Amino acid sequence: MELCPLIKNILLLDSEGNRVAVKYYSDDWPTNSAKEAFEKTVFTKTQKTSARNEAEITMFDNYVVVYKFVQDLHFFVTGGENENEIILASVLQGFFDAVGLILRGTVDKREVLENLDLIFLCLDEIVDGGIVLETDANVIAGKVASHSMDDGASLSEQTITQALATARERLTRSLLA
Amino acid sequence: MAQPLVKKDDDRDDEVDYSPFMGIEKGAVLQEARVFNDPQLDPRRCSQVITKLLYLLNQGETFTKVEATEVFFAVTKLFQSKDIGLRRMVYVMIKELSPSADEVVIIVTSSLMKDMTSKTDMYRANAIRVLCRITDGTLLTQIERYLKQAIVDKNPVVASAALVSGIHLLQTNPEIVKRWSNEVQEAVQSRAALVQFHALGLLHQESHIPFSESFGIRQNDRLAVNKLVSSLTKGSVRSPLAQCLLIRYTSQVIRESANTQAGDRPFYDFLEGCLRHKAEMVIFEAARAITELNGVTSRELTPAITVLQLFLSSSKPVLRFAAVRTLNKVAMTHPMAVTNCNIDMESLISDQNRSIATLAITTLLKTGNESSVDRLMKQITNFMSDIADEFKIVVVEAIRSLCLKFPLKYRSLMNFLSNILREEGGFEYKKAIVDSIVILIRDIPEAKESGLLHLCEFIEDCEFTYLSSQILHFLGIEGPKTSDPSKYIRYIYNRVHLENATVRAAAVSTLAKFGAMVDTLKPRIFVLLRRCLFDNDDEVRDRATLYLNTLGGDGAVVQTGEDVKEFLFGSLDIPLVNLENSLKNYEPSEESFDINYVPKEIKTQPLAEKKAPGKKPTGFGAPPAASPSTVDAYERLLSSIPEFANFGKLFKSSAPVELTEAETEYAVNVVKHIFDGHVVFQYNCTNTIPEQLLENVTVVVDASEAEEFAEVVSKPLRSLPYDSPGQTFVAFEKPEGIPAVGKFSNMLRFIVKEVDPSTGEAEDYGVEDEYQLEELEVVAADYMLKVGVSNFRNAWESMGADCERVDEYGLGPRESLAEAVNAVIDLLGMQPCEASVVPNNSRSHTCLLSGVYIGNAKVLVRLQFGLDGPKDVAMKLAVRSEDEAVSDAIHEIVASG
C-alpha cells in the first residue's frame with residue numbers, strides 16, 4: 001500500500017473557503033473539526049495566489065497540495081510529502097476537467113451545487129480509498145453521464161456521444177480563451 | 001444533463017448567495033427520506049433526497065446510530081428501482097454510511113451480490129466496490145469466485161474495481177487475496193492502461209508480503225522483480241501510473257539488495273531508460289528514484305539532474321516545484337552535482353510561487369561558493385519581505401549553515417541576520433534568527449562582539465519573554481569574556497526596569513555573572529543588585545539577595561571564589577525531569593532535600609521500546625518492560641530489602657537481560673544493579689506452566705570467571721505460582737569504586753509441586769529440580785551512566801586537557817560508518833550529545849559522548865571516525881576526565897572491546 005501513489009483528500013471549496021464537496025481518503029484527519037482546520041489552512045495559504053491558468057502547488061505540514069481555481073471555486077488535491085507531485089497534478093486535472101465536462105463549461109459554485117449529485121459521483125469515480133481509479137477527464141465524465149440514463153432509456157448511444165463532444169468542445173474553448 | 005434539486009426561482013440571479021441547499025435541516029431531510037418507502041418509487045425525487053443526505057454528511061453533519069440505521073434500511077428499499085442514476089447514488093450512500101453491524105450488512109448483501117453478477121457493467125463494477133468495502137472474511141469467501149472472474153473481466157472498469165478492492169482487502173484478508181495471483185498476473189498484461197496499473201499495485205504487494213515477513217529470501221524477491229521488470233519493460237506498460245509504480249518497486253529492490261559492490265547496480269539501466277519516457281510523471285519518478293539511490297555516484301546522477309534541470313524552466317509550476325524540491329535534497333549530499341543548474345535556479349528566485357522561490361534560494365545557498373555569497377544575499381534581501389514566516393525560517397537556517405561553511409563571510413551574513421531580526425515576524429521566525437546568531441557567535445570568534453551587540457539591541461524591543469531570557473542567559477556566559485564587558489551592563493539593567501518578572505529575574509542572574517567574572521565591575525553590579533531588592537516580584541528579590549550573598553566581598557573589588565563561579569556557571573548535570581520527579585516525591589521532614597540523591601540516568605527507555613517492539617520480554621506474563629519510572633521503582637524495591645540497606649546509593653540499574661529463550665517453561669531475565677562496593681542481580685522469574693507451583697526459588701551463581709566478586713547474600717523467592725512473576729536476588733561484594741568485570745553462570749534451583757488445574761490446589765509434596773539459565777556478564781558499560789551535557793564544547797573546554805588521553809584504533813571492516821559508531825557508543829554506554837546521527841554516504845564522522853563513570857567521575861569523549869579503504873573503519877578516541885586513571889579506563893574498555 002505504501003508504494004502505491006496515494007491521494008489523501010480531494011477538496012472543492014468556494015471563494016470564501018467554505019466546503020462545497022470534499023472527500024477524505026486518509027485517517028490523518030479523524031474528526032470533522034480536524035478536516036475543517038485543514039481546509040482553512042489550505043485555503044488561507046493558497047488564497048492569494050493565482051492558480052487560474054496552470055495548476056499551482058504548495059507544501060506544508062508534510063503535505064503536498066496541488067490546486068487550481070476557476071470562478072468562485074477552488075479545487076485541491078492533497079498527497080503525502082513524498083508523493084510524486086505530477087501524479088497529484090494529474091488527478092487534479094482529471095477532476096477539474098471532468099467537472100468542466102459535466103457542467104458543460106459553466107463551472108461555478110451555483111452550477112456545482114445544482115448538480116451536486118453528479119459531483120459526488122465524479123469524486124467516486126476518480127479515487128477509491130486513496131488509490132487513483134481514473135485520471136482521464138473524458139472517461140470520468142463519461143461514467144458519470146451514463147448514470148443519469150434510465151435502463152433501456154430513450155437516449156441513444158449517439159446522443160450521449162454528441163453531448164460529450166459538445167461539452168469537450170466548450171471546454172477546449174474555455175481553456176484556450 | 002442533471003436536474004436542479006429544488007425548483008429554481010426565476011429571479012434567483014439577483015440573489016448573491018443562492019444555494020439549492022439554503023436552510024437545509026437534518027430533521028426535515030430525514031422526514032423526506034420516507035419517500036424511499038413509497039410503493040411507487042419516484043427515482044428523481046429519491047435521488048434528490050439522497051443528494052441532500054450526502055450534502056449533510058459532507059458538511060460534517062452526523063447522524064445518530066438510530067438515524068443512520070433507519071436511513072440505511074430505507075435506502076436498501078431503493079434496490080427495487082431499475083433507475084441506473086438512482087442506483088448509482090444508492091451505492092455512494094451505502095459507502096458513506098459504511099454500516100458495520102452484521103445484521104445490517106446482510107440486508108444489502110443479497111442485492112449487491114445480484115448486481116455483482118448483473119449484465120450491466122456499471123452495476124458489476126460498483127457492486128464490487130461497495131461489497132468489498134463493507135464485507136468481512138466469511139462473506140468474502142462466498143463472493144471470491146465472482147471477484148476472481150471480475151479481475152479478468154473484459155470491461156476495464158469492472159476489472160479495476162475488483163483489483164482496487166483487492167488492494168484494500170489485502171490489509172484485512174491477505175490470505176484470501178493471495179489466492180488470486182493467477183488472475184492478477186493475467187490482468188497485468190491487460191491492454192487497458194488503468195487495469196494494468198491496478199493489477200501491478202496488487203501483484204506487487206501480494207508478492208512482497210511473504211518476503212518481508214521472512215527474512216533472507218531477498219534473492220527470490222529480486223528474481224521475481226527481475227522477471228517482472230524485464231517482462232514489462234518491453235513496451236507493454238501502457239499506463240504512466242503503472243510505470244511509476246514499477247519504478248518504485250524497482251527502487252525498493254535496489255535498496256534491499258544494497259550489498260552488491262558498486263558499479264554493478266541492478267536495474268539502473270531501467271531507471272535511466274525511464275528518463276526518456278514520454279510522460280512527465282514517469283520521467284520525474286525515475287529522476288527522483290535515481291537521486292535517492294544509496295551511495296549514488298555522480299556518473300549515475302548526471303542524467304537525472306539533466307532532466308530535472310529541464311523541468312526548472314517549465315511553464316508548469318508543479319514541474320518546477322517537483323524539480324527544485326528534488327534538487328534541493330540532492331544539494332545536501334552532492335552540492336557539486338547541482339551547480340550546473342545554478343543559472344536556472346537563480347531565475348527561480350523571482351518565481352511567483354513562493355514555495356519554489358524558497359526552495360531555489362536554499363538550494364543556491366547550499367551549492368553557492370564564497371564569491372557568490374554577497375550577490376545572493378542582495379537577492380534574498382529583496383525577497384524576504386514578501387514570503388511567509390515558515391519560508392523565512394528555512395532561509396535563515398540555510399544562511400546559518402552557509403556562514404559556518406564560509407566563516408570569512410560572517411560580516412555580511414551577520415548583518416543580514418540582524419537586519420531581519422529588526423523586522424516584523426512571529427516567534428518561531430525570531431527564534432530561528434536568534435538561534436542562528438548564537439551559533440555563529442559560538443563558532444566564529446570574530447563574530448562574537450558584533451553578534452552580542454545585535455542581540456542586546458534586539459532585547460531592547462523584544463516582545464517574546466522566552467527569547468529575552470534566553471539571550472540574557474547567553475549574555476551572562478559570553479559577555480564577561482569580551483574586551484569591554486561594561487558596555488553590556490546598560491542593556492541588561494534596562495530589562496530590570498522595563499520587563500515582566502521572568503525577564504527581570506533572568507536579568508538579575510546575568511548581572512550577577514558579570515559581577516562574578518569581572519572583578520572591576522563588581523562594585524557597580526552590587527549597586528544595581530541592591531536596587532533589585534525592592535522589586536515587587538518574589539523571584540527577582542530572592543535572586544538578588546542570593547547573588548549579593550554568594551558574590552560576597554560587600555561590593556569591593558575582590559576575586560570571586562571558584563565555588564561561586566561553579567555555582568553560577570556550572571551546568572546542572574541532572575536531567576530536569578528527574579529533578580522534578582524527586583522534588584514531587586520529597587516529603588517535608590527533618591532531612592532536607594539532597595540534590596545528590598536525584599538519579600542522573602537519562603531515561604531513554606520509552607524511545608528504545610518504540611524502536612524495537614520485538615525486543616519485549618517474551619514468554620507470556622513476563623514482567624512488564626521497564627517504564628519511565630524504572631529507576632525510582634528499582635530504588636524503592638531495593639531499599640525495601642534490609643540485606644541491601646547498607647550498600648549505599650544505587651549507581652545504576654541495567655536494562656533487563658533475557659536469560660532464557662522465548663517460550664520456555666520458565667522465563668527469566670536479570671537486571672544488574674551496581675552499587676559502589678556491591679553488585680545485586682535481580683532475577684525476574686515467570687512460571688509459564690499452569691500445572692506447576694515453584695517454591696523456594698533461588699539462582700545458584702557460579703562466579704569462578706569473575707574473580708573480584710564474592711557472593712554475600714542470596715534472597716530466595718518463597719513461591720512462584722503460574723503466570724505471576726516474582727523476583728529472587730543475589731548480591732556480590734566487589735572492590736569499592738573499581739569497575740570490576742566478569743562472567744557469571746546461572747542455575748535456577750527450586751522445588752516443583754504439581755497443581756491440579758481444576759481446583760488450583762498444589763500437592764503437599766514437591767521435588768527439587770534445576771533449570772539451566774544463560775550466562776550473564778558484568779561489563780564496563782555497566783559502570784557508566786548516560787548523562788548528557790547541554791553544551792559539549794563548553795564542558796570539553798572547561799574540563800581541560802590535563803587528564804586527556806588520545807589514541808587511535810582500527811575497527812576493521814564494518815558494514816557502515818553508522819554501524820561502527822553505534823557499536824562504540826553501546827560499548828561505552830555513554831550519552832551521545834548534540835548531532836550524532838551519521839549522515840548517509842559520509843566518509844567521516846565526529847561523535848561527542850558524555851557520561852558519569854563509577855566514583856562520580858565526569859567523562860567526556862570525542863570520537864572521530866573515518867573510513868580507511870573501502871570498508872575499514874579507523875577511530876581516534878580522545879577522552880577527558882578529572883582523573884587520568886578514569887581516562888585510561890575508558891581506553892581500556894575500547895581496547896579490550
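**View 1. The buried face of helix H10 in chain B, from a predicted model.** Here's H10(B), which covers residues 181–188. Tucked away on this helix are Glu183(B), Val184(B), Ala187(B) and Val188(B), its buried residues. Look down the helix axis and these buried residues sit within an arc of 145°, so they line one face of H10(B). Now turn to the face that points away from the buried side: Asn182(B) and Glu186(B) are the exposed residues there.

**View 2. Where chain A meets chain B.** Chain A brings 58 residues to the contact, and chain B brings 68. Between them the two chains bury about 5500 Å², with 55% of that on carbon and sulfur atoms. Three residues to pick out are Leu3(A), Arg110(A) and Glu114(A): together they supply 13% of the area chain A buries against chain B, more than any other three residues.

**View 3. A salt bridge across the interface, Asp128(A) to Arg133(B).** Zoom in on these two side chains and you'll find them paired at 3.6 Å, N to O. Chain A and chain B have nine salt bridges between them. As for polar contacts, the count between the two chains is 21 residue pairs, with both residues at pLDDT 80 or more.

**View 4. Helix H4 on the chain A side of the contact.** H4 of chain A, residues 116–126, gives seven residues to the side that touches chain B, the largest share. Sort that whole side of chain A by residue type and you get 27 nonpolar, 10 polar and 21 charged.

Conventions:
Residues are numbered from 1 along each chain as its sequence is written. Chains are lettered from A and ligands numbered from 1 in the order in which they are written. This is a predicted model: local features need pLDDT of at least 70, side-chain atom pairs count only at pLDDT 80 or more; totals for chains, interfaces and linings use all residues. Side-chain values use heavy atoms; hydrogens and water are left out. Contact means heavy atoms within 4.5 Å. Buried area is the accessible area (1.4 Å probe) that two parts lose on being put together, summed over both. A salt bridge is a side-chain nitrogen of Lys or Arg within 4 Å of a carboxyl oxygen of Asp or Glu. A polar contact is a pair of N or O atoms within 3.5 Å; within protein, one must be able to donate a hydrogen and the other to accept it, and residues adjacent in sequence count only if both atoms are side-chain atoms. Helices (H or I, at least four residues) and strands (E, at least two) are DSSP runs, numbered from the N terminus. Ala, Val, Leu, Ile, Met, Phe, Trp, Tyr, Cys and Pro count as nonpolar, Asp, Glu, Lys and Arg as charged, and the others, Gly among them, as polar. Buried means under 20% relative accessible area, exposed over 50%, partly exposed in between (1.4 Å probe, protein chains only). The arc is that of the directions from the helix axis to the C-beta atoms.
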